[in-house]
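Biologist: Please take me through one part slowly: the largest nonpolar core. Which residues have the most contacts inside it?

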Amino acid sequence: MLGVPLLVTALLAGACGDGGENDGGTAGTTSPPAPGSTAATPSASQSSGGRVTIPTSAFADLPPELHKSDAQPMEVTDALPGLCDQEFRSGGRSVTASAAMMSAYKQPKDPPENVPYGTLHQTVFAFEGTGAADYLRRVRGAVADCRSFQASGGTVTVRSQPMAGTGDDALLVTVSRPATGLDGSPAEGRTTSQILVIRVADAVTVVHDQGWEGTSNDPGLADDIARSAVRGLDSWQR
């Protein structure tokens, strides 16, 4: 499993805000547990202010042939992608906890000395009530309204499609943008990245799959990444 003994907790009383800047109210905080502690089963959401815990096992654990580096915690606001607007922010609505981690992956036949093939920025949200289904429905509508937008270097195009049979509901978003060099200067062609949004029970994960240092990701790995993400949420939510 992931090599970071991380627990993420949130008090519901502080997590159910209505603002969008601190995504998930105070739930975006990540902190390591005391020495010797282990990832615990998250407590049930309680409107009276019970504690919700997101264990590291809720995150995607890629198969060994794709694993390049152990995941590390990061800020939720930095992990979530942005397109035309803040389509993937929760705005704090019904969120009881949130956490984000970043990891690097490789292609199955890459030699160990190679740089990573790409990176995954993954966010996990825990919701109460109908919050998880409402969130994915809102994201689907917002992404559908964002067909393209202007960014430095030219036009960025966005297309989305359902991922049948993935979790309880899932959306795959493919983003294509003008290619750039390592220094940010324009280059020939275009690069792609993908965003997977997957719901399992009362949790949603957003996985941003990007190629290494501005290169394209490998769309052929989307199913492997989705399966790993679903396994993580299943281990926690089921």
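Modeller: Here's the core, step by step. This is a predicted model, where local features need pLDDT of at least 70 and side-chain atom pairs count only at pLDDT 80 or more, while totals for chains, interfaces and linings use all residues. Residues are numbered from 1 along each chain as its sequence is written, and side-chain values use heavy atoms, with hydrogens and water left out.

A nonpolar core is a set of buried Ala, Val, Leu, Ile, Met, Phe, Trp, Tyr and Cys residues joined through side-chain atoms within 4.5 Å; buried means under 20% relative accessible area with a 1.4 Å probe, protein chains only. The largest one has 30 residues, and the most contacts inside it belong to Ile54, Leu196, Ile198, Ile225 and Trp236. Who supplies them? At least two residues each come from strands S2 (51-55), S4 (95-105), S5, S8, S9 and S10, and from helix H4 (222-237). (Helices, H or I, at least four residues, and strands, E, at least two, are DSSP runs numbered from the N terminus.) H4 gives the largest share, six residues.

Now zoom in on Leu196. Skipping its neighbours within four places in sequence, Leu196 is in contact (heavy atoms within 4.5 Å) with Met163, Leu171, Leu172, Thr205, Val206, Val207, Ala222, Ile225 and Ala226. Ile225, you'll notice, is also among the residues with the most contacts inside the core.

Another core, of 26 residues, lies apart from this one, with Leu136, Val156, Val173 and Val204 among its members. As background, nonpolar side chains tend to be buried together in soluble globular proteins.

Methods: Buried means under 20% relative accessible area, exposed over 50%, partly exposed in between (1.4 Å probe, protein chains only).
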